[in-house]
Structures are given as structure tokens and as C-alpha cells.
Amino acid sequence: MYSLIRWQDIADIIIMSFLLYQLYGWFKHTKAFQVVVGLGSLGVVYLITKNLGFFMTSWILQELGTVIFVLIIVIFQTEIRQALYRISPLRRFFGRQDTGPSFDFAELCSTIFSLAASNTGAILVFQRNEPLAEYFTNGVPLDSSVNGHLLGCIFKDGSPLHDGALIIQNGRITTASSHLPLSVSNDIPQHFGTRHRAGLGLTERSDAVVVIVSEERGEVSLALSGNLEKIETAEELSTRLESLLLLPDRDEAHITLMKRIFGNFWPKLAIVALVLISWLIITARQGEIVTTTAQVQFRNLPDSLLLRNASVEEVELQLKTFSSLIQLPKQGELIAEIDLSKTRVGSNKILFRKEDFKLPSGVMITRISPTSFNVTMEKRVRKLVRVVPRLTGTLPAGLHLRKVTVEPSEVMMEGPDSIMARMGSVRTEEVRLSSLDASTTVTKKLEVPAHIRAISADTVSIQIQLGS
């Protein structure tokens, strides 16, 4: 368990609570939500049986989990796709950008109540931000303006198009006699028929607004977000449609921050409690403690100094994770980056700090061994030294060495002051005289001592002149 809750943990709980509440709001009236509740129950049974040592039951549930997960994706792909569409931040930029319907709301609502007065059933679907094409089937395509006379003709009893929903998109009638998905909620009163179930079913899956006229009771209802609201007058319906279709964000703009936080309080509280309990269970499962090593690397070496010697090449670390879900770094992945910018000439004692190691989130260092080390720094010196060719062996019989010329004859070397002070020359790689039978020119590398490097060149040309 954490000795102190980090700000990341609080953010983690808030983010997961928000996401779960959004999923709950989207799926609470759908078949997918009932399946999720059932799977959650199986998950609880799995955890209980696993902790109690019921190996067969827990093994079967674990194996079934993978299969069920795939089946959910296949069966509920429509609901999943719609949820991903709703959560996408790009839909406001690439979605519909229409300015809203341009028809006469008062005339439309007056016609709707005229249908109700004559007990003529009707169902009108108003598309808002989310696309609806995947939800309705068997419709007859139309392209007409919205007017009361056309609605009366379409929904008149005996009309070929009266049985089904009228789809209104971007202020125009696009489809008539469409079939909508029915709601599967058990909370719908028994006296509501197919029209009401179809209207609620569509609003459970999208942000559409559906107006329903009951043929039996002559009532007008408005369905939104899986809820049904009875409308008493044409003026009330006109006001509601204008607020939802012309100014869809007006109602939300007037909601105070306190109402946003504490509205629908009990479901929110239950979800936060579920996330908090899950977090406590996960973090209570302490991760393992391991010992590993990290290679020591140096950075920010001053330009005027050279690293002559370091007392360590790697450091031993003891690591601990806050949860068993966090993966520990593998052997060789950790590096200790040591800052040498403040070192001086001579021996410097450097303490290992936890900030020198880049660790994954959720992993902490409990022990560092050794806790410190020494580095020896020397002044960086450059010096021009003579190049001496290294000739070995003897020439073949009848030949003698007349002249040896090295180009360049001197090279610039760089190294620690203690070595450069004693260095007057540098030798080349070996040149075997026994392999020569005439004058020649060979290229050889310089044999540069440790801690020294050549600045100007690391190879030279050796001209060898022979005589008989």
C-alpha cells in the first residue's frame, strides 16, 4: 500500500470514474449494459473462487473470459462503435456542421397535435449531431421540406407510408416508413406500444429527438436519451424542439457546476466507490522486490577536463513496485547518468542520487550499492609530438636502408596532463623490413596510448628508400 497517495493516483481515480460513468450513461438502457452487469458478476465469482483456491472453477472462468470478450465485440459492435464515436474529440470538427432546421416549428407542432386529436399515430425522428443511418431500415427515400400538409398525408391511416418513422435530417424529410430498433428496457409501461418502444430504442442508442403520437390515447410524447416526456400543448412542443434542435447546448450552458457534479448522485457515487475499491485492491497487491544493476554513464564533462579514472562501472539497485501489475525493468535497461559538470582536477567524490536513474512510473529505488564513488579528473592538454616509425626485422641480403621519411612528421595529441607531460613522441604500427625488396611507401596507424587521442591524424605515410 502506498504510504502517501500521489496526485497521479487521484487523477487515475477521477479519470476512470468519469469514463465508467459515461459508459453507464450510454449503455444503461441497452442489452449491452445487461451483458456487462452479467460479466461483472462472473468477474466477482472468478476473483472469489481464485482466492479461495477453487482451481477448476477459476480456471474455467478464466478460459471463458477470452471467448466471451471476443463474442461481445462481435455481437455489440454497433454499440461499441457508437460509444467510440461519442468519445472522439474530432467529431465536433469532422461531424455535421449544419446550422439547424429552417422549417416552421409552430406549424409542424400544430400539425402533430392535429394528428393526436384525430387519433392518428405518428413517429418523427429529428437527427442532431450523431448519424442515424445504421439504426433505421426498410425506409422509403424522400427529399422534401418539412410542412404540415405533407405530414398529414404521410401518416393518414391507409397511406402506404403511415406505418413507420419519418426521418428528418438537416431540416428536410429524408426517409419515410422506416423501422427503428426497439427498446429492451423493462421499465416501459405496458400500455406503451411499438411506436413508443421504437422511439425510446433509438434515443437509447443516439442523441436523436423523437416525437411520438399515440393512436390509442391521442397523446404526444417526446423521447430523448431513453426518457419519455408527455407534451400537453403545441406551444410546449415547439419550445422543446427549438431548444433541442436550434440551440442544443443552451440547456447545458445553464446547468451550474454543482448540478453537474451532484446530478444523478447515487449512480455517480456507486461508480466512484467501485473505482476506489478496485484501486485499493490493485495497489494492495504489492509488487515484487528485485535486485538489478545499472551501467554508469557520464555527461556534461567540462571541456577543460578529462575523466582519467572512475571507481565503478555499474551500480547495484534494489527496486520495488507499488503493484504487481507494474512491470519491472529488465536487466541492462537501467542506466545511471552522472553529471560531471561540477567536478574539478583531482579526485572527486560523487553520491548516487535517485534522480540519476530513469525509472518507469510506479517503480521506486529502495537501496543503492555503493552509495558513492570517486572519479579522477585531469586537465585536458594538447601537444605536438614527433612520429617515430617502428621498424622491425632485417632487410634481405644485398639491401640496406638509405632513408626513412614520415609524413606528417608530427601530430597533435590530446590527453591528461600527467601523461602528456612525459610524452615526446608516438610510434607507428610495425613495419617488417624482411618483407621489403625495393623502395616503397606504406600507410600505418599510430599506436596511441590509452587515454590519449590524435587530433590531426591517426595514420601516417612512411617512405622507405633502399639501396643495394
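## The core and a three-stranded sheet

Of the 31 residues that make up the largest nonpolar core, Leu124, Phe126, Val220, Leu237 and Leu241 are the ones that touch the most other members. The model in which this core is seen is a predicted one, and that should be kept in mind throughout.

Several parts of the chain build this core, and the elements giving two or more residues to it are α6 (105-117), β1 (122-126), α7 (148-155), β3 (165-169), β4 (172-178), β5 (209-213), β6 (220-224) and α9 (234-246). The largest share, seven residues, comes from α6. In soluble globular proteins, nonpolar side chains tend to be buried together.

What does Leu124 touch, if residues up to four places away in sequence are not counted? Its partners are Leu108, Ile112, Leu151, Phe155, Leu166, Ile168, Val209, Val210 and Val211.

A second feature worth following is an open sheet of three strands, in which the order is β15-β20-β18 and the pairing is antiparallel. Its edge strands are β15 and β18, each of which pairs on one side only. On average, neighbouring strands of this sheet are turned by 25° against each other, when direction is ignored. The two pairings are set out below.

| Strand pair | Residues | Sense | Bridges |
|---|---|---|---|
| β15 and β20 | 400-407 and 459-467 | antiparallel | seven |
| β18 and β20 | 440-445 and 459-467 | antiparallel | six |

Single residues can be used to locate these pairings in the structure: Leu401 stands opposite Leu466 in β20, while Thr441 stands opposite Gln463, which also lies in β20. When looking along the strands, it helps to remember that in a regular strand the side chains alternate between the two faces of the sheet.

Turning to the chain as a whole, the protein has 13 helices and 20 strands, and buried residues make up 35% of its 468 residues. Among contacts between residues at least 6 apart in sequence, 69% join residues that are at least 24 apart. The accessible surface of the protein chain comes to about 27,500 Å², and carbon and sulfur atoms account for 57% of this area.

Terms used: Residues numbered from 1 in each chain as written. Predicted model: local features only at pLDDT ≥ 70, side-chain atom pairs only at ≥ 80, totals over all residues. Heavy atoms only, no water. Pairing = 2+ DSSP bridges. Helix = DSSP H or I, 4+ residues; strand = E, 2+ residues; numbered from the N terminus. Axes fitted to C-alpha atoms, helices over the stretch in contact; angles between N-to-C directions. Buried < 20%, exposed > 50% of the residue type's maximum accessible area, 1.4 Å probe, protein only. Contact = heavy atoms within 4.5 Å. Areas by Shrake-Rupley, 256 points an atom, 1.4 Å probe, with all protein chains shown as cover. Core = buried A, V, L, I, M, F, W, Y, C linked by side-chain atoms within 4.5 Å.
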